[in-house]
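Visitor: I have a structure on my screen and little idea how to read it. Could you walk me through it, one feature at a time?

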Amino acid sequence: MDNKIKAKAIVFGNNIDTDVILPGKYLVLVNPEELGKHALESLDANFVNKAKTGVILIGGKNFGCGSSREQAPLALKYSGVKCVIAESFARIFFRNAVNIGLPVIECKGVSLSIKNGDEIIVDLENGIIQNLTNKKTLQGTKLPPSIMNILTDGGLIKNLQKRMKKND
Amino acid sequence: MNLTEKILAKASGKKDVHPGEIIDANLDMVMIHDLTGPLAVEAFQKIGTSKVWDNTKIIVILDHQIPAESVKAAELHKKMRQFSTEQNIKIYDVGRGGICHQVMPEQGHVKPGDVIIGADSHTCTYGAFGSFATGVGSTEAAAAMATGKIWFKVPSTIRINTKGKFQKYVTPKDLILHIIGTLGVDGAIYKAVEFTGPTIKAMTIAGRMTLCNMAVEMGAKNGIITPDETTNEFLTGRVKKMPDIKILQNDKDAEYEKTVEFDVSKMEPQVACPSSVDNVKLVNEVGNVLIDQVFIGSCTNGRLEDLRLAAQVMKGKTVKAGVRTLVIPASQEVWKQANDEGLLQIFTQAGAMVCGSACGPCLGGHIGLLAAGETCITTSNRNFIGRMGSTKANVYLASPATVAASAITGKITNPQEIKV
Ligand code: SF4
């Protein structure tokens with residue numbers, strides 16, 4: 001995975017829960033591409049069209065609260081979301097996102113500072129978020145090396161495959 | 001150390017642990033179900049190990065979309081059965097178990113002091129038995145099935161100290177709604193929530209499960225209650241060997257991030273209004289809210305004691321015309337007991353529909369979805385937009401007593417005002 005991500009921002013509010021990210025009725029879908037077609041549709045029917053070419057999602061407090069469904073971060077990832085930056089995350093969502101290889105960064109003040117359509121560059125390794133539109137830079141929480149390793153390997157399974165091989 | 005820290009220290013082979021520390025914990029139990037299990041199985045197969053770490057410490061439960069509501073669901077169930085057979089893992093299939101969080105303790109898979117993960121956010125329910133239990137996603141469940149280990153950041157703990165006796169028709173559900181209304185849906189993110197005090201001491205296992213079940217609705221990692229005689233009584237005969245609970249007590253100098261006090265003695269019935277669990281009002285303050293559907297069930301309030309309470313309110317009465325009422329006992333065991341006690345008869349005669357044990361309408365995947373513009377009052381735990389069907393439906397959360405009273409009148413009603 002590239003340590004620098006550049007894309008336009010789409011901004012949502014506080015407490016975006018996993019039921020609006022991906023409603024329960026789609027949990028029988030197994031193909032991640034299929035899941036991606038329904039990401040956030042109950043909040044914005046047009047989201048998937050906007051996200052297609054790659055976006056950075058900005059959230060408020062408690063992003064991803066609710067159920068443990070990993071299908072929620074999967075749906076975001078396959079809809080075109082390259083990274084989620086939020087004021088704070090629900091813990092299961094945070095772990096799930098890392099485990100499936102979707103970068104997540106916590107950053108206080110992000111939801112006020114970044115507007116819809118702003119051009120953003122994220123430096124994952126250092127947690128630095130640069131807004132090219134308003135020329136401001138924000139410092140997010142740096143991910144610990146253990147989590148960065150999982151992300152750079154492309155998720156927990158690839159990371160485990162590697163670790164298990166080493167142990168052989 | 002407090003109870004959560006003690007359990008995590010033991011599980012990671014340390015003398016003590018402190019909030020913020022990252023540990024590798026050995027697991028006592030892993031649970032997956034029909035919606036999170038298939039992804040976990042797929043991930044497990046990719047890891048490249050052929051056998052799970054310990055087949056006696058993994059449980060598969062089919063409960064969310066049972067009986068299969070579509071060919072897609074049927075395929076997923078088939079996959080789970082195959083995996084269970086291949087790996088020789090205990091599976092609770094249709095008609096054999098019920099909702100995962102009821103079945104796990106009922107069938108003796110939860111013990112005080114255990115570290116348990118489940119691929120379901122309400123796994124925190126098992127804290128009611130003095131275990132450390134938390135929800136994870138499918139990939140992490142897969143990694144746990146392969147290795148028997150998981151990393152945790154040791155949480156800081158918020159203590160909820162309670163006192164007082166509940167008034168008639170005020171229940172642990174009202175207490176937890178009131179707590180969430182006070183602390184907010186992000187009031188305990190990443191943290192442990194420990195429930196203490198005389199009210200908890202006097203509370204039944206069912207009530208304690210309701211409290212711990214909803215800890216995740218304020219973002220908590222786990223809910224927990226010190227095991228005592230009540231815990232012993234419930235688990236004896238269910239678990240193979242009861243651990244010594246004397247060592248599972250808080251130290252005298254146990255530390256908490258903060259303590260919040262609640263007195264339940266004057267508490268009134270509470271309702272969480274659409275579309276956030278912390279949008280909590282007194283039932284007498286919600287105004288004239290007409291309802292279309294009523295649901296009594298789920299891992300929050302589908303236990304025998306909940307059904308008894310609802311039946312007490314509904315006995316000899318009929319559900320208001322135009323309202324549909326669904327009653328779903330949380331497990332086969334609860335179903336049988338409710339049947340033996342004549343509760344199901346009371347519901348059926350009142351004009352309710354009693355369904356087989358499953359998650360049902362709670363997650364809007366199967367059974368009793370809502371149409372646009374419809375309103376439902378339910379004993380379950382989430383009222384998010386689209387949770388129970390249409391994104392334009394309204395969901396209110398309340399206790400079994402309030403929900404049953406509302407079924408009778410056709411609008412949100414204080415159970416204390418119903419003549420029994
Ligand atoms: S009853 Fe509802 S909350 Fe409980 S496990 Fe089932 S879907 Fe989840």
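**Reading a helix, a chain and an interface**

Guide: Start with one helix. The buried residues of helix 4 of chain A are A:Gln71, A:Ala72, A:Pro73, A:Leu74, A:Ala75, A:Leu76 and A:Ser79. Keep in mind that this is a predicted model.

Visitor: How many residues of helix 4 of chain A are buried, and what follows from that?

Guide: Buried here means under 20% relative accessible area. In helix 4 of chain A, 7 of the 9 residues are buried, so the rest of the structure largely encloses this helix.

Visitor: What happens just after helix 4 of chain A?

Guide: Look at the backbone there. A:Gly80 takes a positive phi, about 120 degrees.

Visitor: Now the whole of chain B. How do I read its overall form?

Guide: Begin with the elements. Chain B has 14 helices and 18 strands. Then look at the extent. Along the principal axes, its C-alpha atoms fill a box of roughly 60 × 55 × 40 Å.

Visitor: What does the radius of gyration of chain B agree with?

Guide: Compare it with a rule for globules. A compact globule of 420 residues would have a radius of gyration near 22 Å; chain B has 21 Å, which agrees. Burial adds to the picture: 64% of the 420 residues in chain B are buried.

Visitor: Which contacts in chain B join residues at least 24 apart?

Guide: Take the contacts between residues at least 6 apart in sequence. In chain B, 76% of these join residues at least 24 apart.

Visitor: Can we zoom in on a single residue? Is B:Ala272 buried or exposed?

Guide: Accessibility decides. B:Ala272 counts as buried because its relative accessibility is 0%. B:Ala272 lies in strand 12 of chain B, residues 270-272.

Visitor: Which residues does B:Ala272 touch?

Guide: Leave out residues up to four places away in sequence. Then B:Ala272 touches B:Leu177, B:Val277, B:Asn279, B:Val280, B:Asn383, B:Val395, B:Tyr396 and B:Leu397. Another check is a distance between C-alpha atoms. B:Ala272 and B:Leu282 are 10 residues apart along the chain, and their C-alpha atoms are separated by 8.7 Å.

Visitor: On to the two chains together. How many residues does each give to the contact?

Guide: Chain A gives 35 residues and chain B gives 40 residues. The area buried between them is about 3,300 Å², and carbon and sulfur atoms give 60% of it.

Visitor: Which three residues supply the most of the area that chain A buries against chain B?

Guide: They are A:Val28, A:Arg91 and A:Arg95. These supply 22% of the area that chain A buries against chain B, more than any other three residues.

Visitor: What polar links cross the interface?

Guide: Count pairs. Between chain A and chain B, 17 residue pairs are in polar contact, with both residues at pLDDT 80 or more. On the side of chain A that touches chain B, helix 1 (18-21), helix 4 (71-79), helix 5 (91-99) and helix 8 (156-167) each supply at least two residues. The residues on that side divide into 14 nonpolar, 12 polar and 9 charged.

Visitor: And salt bridges?

Guide: Here is the general idea. Side chains of opposite charge can pair when their charged atoms come close. Over all chains the count is 21 salt bridges, and between chain A and chain B it is 3.

Visitor: Where do A:Lys61 and B:Asp186 lie?

Guide: First the distance. A:Lys61 forms a salt bridge with B:Asp186, and the closest N and O atoms are 3.5 Å apart. A:Lys61 lies in the loop between strand 2 (55-59) and helix 4 of chain A, and B:Asp186 in the loop between helix 6 (172-183) and strand 9 (192-196) of chain B, so the pair joins two chains. A:Lys61 is partly exposed at 40%. B:Asp186 is partly exposed at 24%.

Visitor: How far apart along the chain are B:Arg324 and B:Glu374?

Guide: They form a salt bridge, with the closest N and O atoms 2.6 Å apart. Along the chain they are 50 residues apart, so trace both places: B:Arg324 is in strand 15 (residues 324-327) of chain B, and B:Glu374 is in the loop between strand 16 (353-354) and strand 17 (375-378). B:Arg324 is partly exposed at 32% relative accessibility, whereas B:Glu374 counts as buried at 17%.

Visitor: Which residues do shared salt-bridge partners join into one network?

Guide: A:Asp19, A:Arg69 and B:Arg387. Within that network, the side chains of A:Asp19 and B:Arg387 meet at 3.1 Å, N to O.

Terms used: Residues are numbered from 1 along each chain as its sequence is written. Chains are lettered from A and ligands numbered from 1 in the order in which they are written. This is a predicted model: local features need pLDDT of at least 70, side-chain atom pairs count only at pLDDT 80 or more; totals for chains, interfaces and linings use all residues. Side-chain values use heavy atoms; hydrogens and water are left out. Contact means heavy atoms within 4.5 Å. Buried area is the accessible area (1.4 Å probe) that two parts lose on being put together, summed over both. A salt bridge is a side-chain nitrogen of Lys or Arg within 4 Å of a carboxyl oxygen of Asp or Glu. A polar contact is a pair of N or O atoms within 3.5 Å; within protein, one must be able to donate a hydrogen and the other to accept it, and residues adjacent in sequence count only if both atoms are side-chain atoms. Helices (H or I, at least four residues) and strands (E, at least two) are DSSP runs, numbered from the N terminus. Ala, Val, Leu, Ile, Met, Phe, Trp, Tyr, Cys and Pro count as nonpolar, Asp, Glu, Lys and Arg as charged, and the others, Gly among them, as polar. Buried means under 20% relative accessible area, exposed over 50%, partly exposed in between (1.4 Å probe, protein chains only). The radius of gyration is taken over C-alpha atoms; the globule rule is 2.2 Å times the number of residues to the power 0.38.
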